[in-house]
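Please look through the sequence and the model shown here before reading on. The report that follows moves from the chain as a whole to its core, and then to a pocket and some single residues.

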Amino acid sequence: GKIHLVDLAGSERLKESKSVNETANETVHINKSLLVLGQVISVLSTDAKKGQPQHVPYRDSKLTKLLMDSLGGNTKTALITTVAPGQRYADETLNTLKFAMRAKHVRNKPAIR
């Protein structure tokens, strides 16, 4: 069997992080992976509600390709989200909670082989 433990840091804002050169490039890739993960979760949660299969963009990022079995596949999956209590992080907290609600609707089909 496999186990994936993934720490998905919050989206990085280039302006706030003051990233340059290689670090800025890494920040862009992190944000792209998080965006694609959100798209995959949206499609899978919509499919679960409507029962109509749609194209799931797993191959659009390395992260979602790696987690394909965990996202709507043949595994048991747990998602832990954390939020910051400060007013300064209210937007990020709200986005995290919305993401968690969408992810809650994704249904995997684990089977023993």
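## Overall fold

The protein chain holds four helices and zero strands, and, when it is read along the sequence, the pattern it follows is α-α-α-α. This is a predicted model, and the description below should be read with that in mind.

Of the 113 residues in the protein chain, buried residues make up 24%. The accessible surface of the protein chain amounts to about 8,900 Å², and carbon and sulfur atoms account for 55% of that surface. When contacts between residues at least 6 apart in sequence are taken, 59% of them join residues at least 24 apart.

## The largest nonpolar core

In soluble globular proteins, nonpolar side chains tend to be buried together. Here the largest nonpolar core has 14 residues, and those that touch the most other members are Leu37, Val40, Ile41, Leu44, Val56, Tyr58 and Leu71. Helix α2 and helix α4, the latter covering residues 90-104, each supply at least two residues of this core, and α2 gives the most, with six residues.

Leu71 shows how parts of the sequence meet in this core: if residues up to four places away in sequence are not counted, Leu71 touches Leu37, Val40, Ile41, Leu44, Tyr58 and Asn108.

## Val106, after the last helix

Val106 lies in the segment after α4. Is Val106 buried or exposed? Its relative accessibility is 14%, and because the cut-off for buried is under 20%, Val106 counts as buried.

The C-alpha atoms of Val106 and Leu44 are separated by 5.5 Å, although these two residues are 62 residues apart along the chain. Leu44 is also among the contacts of Val106 when neighbours within four places in sequence are left aside, and the others are Ile41, Ser45 and Gly72.

## The second largest pocket

Rolling a probe the size of a water molecule over the atoms shows where empty space is left. The second largest pocket in this model has a volume of about 200 Å³, and the residues that line this pocket are Asp7, Leu8, Ala9, Glu26, His29, Ile30, Ser33, Leu34, Lys62 and Leu63.

Which helix gives the most to the lining of the second largest pocket? That helix is α2, with five residues, while α2 and α3, the latter covering residues 62-66, each supply at least two residues of the lining. By character, the lining residues divide into five nonpolar, two polar and three charged.

## Two lining residues in helix α2

Ser33, one of the residues lining the second largest pocket, has its place in helix α2, which covers residues 21-50. Ser33 has a relative accessible area of 19%, and because buried means under 20%, Ser33 is buried. With its neighbours within four places in sequence left aside, Ser33 is in contact with Ser61 and Leu63.

Ile30, which is also in the lining of this pocket, is likewise found in helix α2. Its relative accessible area is 30%, and because partly exposed covers the range between 20% and 50%, Ile30 is partly exposed. The C-alpha atoms of Ile30 and Leu63, which are 33 residues apart along the chain, are separated by 9.3 Å, and Leu63 is itself among the residues that line the second largest pocket.

Technical notes
Residues are numbered from 1 along each chain as its sequence is written. This is a predicted model: local features need pLDDT of at least 70, side-chain atom pairs count only at pLDDT 80 or more; totals for chains, interfaces and linings use all residues. Side-chain values use heavy atoms; hydrogens and water are left out. Buried means under 20% relative accessible area, exposed over 50%, partly exposed in between (1.4 Å probe, protein chains only). Contact means heavy atoms within 4.5 Å. A nonpolar core is a set of buried Ala, Val, Leu, Ile, Met, Phe, Trp, Tyr and Cys residues joined through side-chain atoms within 4.5 Å. Accessible areas come from the Shrake-Rupley method with a 1.4 Å probe; for residues, only the protein chains shown count as cover. On a 1 Å grid over the protein atoms alone, a cavity is a set of points where a 1.4 Å probe fits but cannot get out, and a pocket is an open set with protein on both sides within 12 Å along at least five of seven lines; lining residues have an atom within 4 Å of a point. Grid points are joined across faces, edges and corners, and a volume is the space filled by probe spheres set on the points. Ala, Val, Leu, Ile, Met, Phe, Trp, Tyr, Cys and Pro count as nonpolar, Asp, Glu, Lys and Arg as charged, and the others, Gly among them, as polar.
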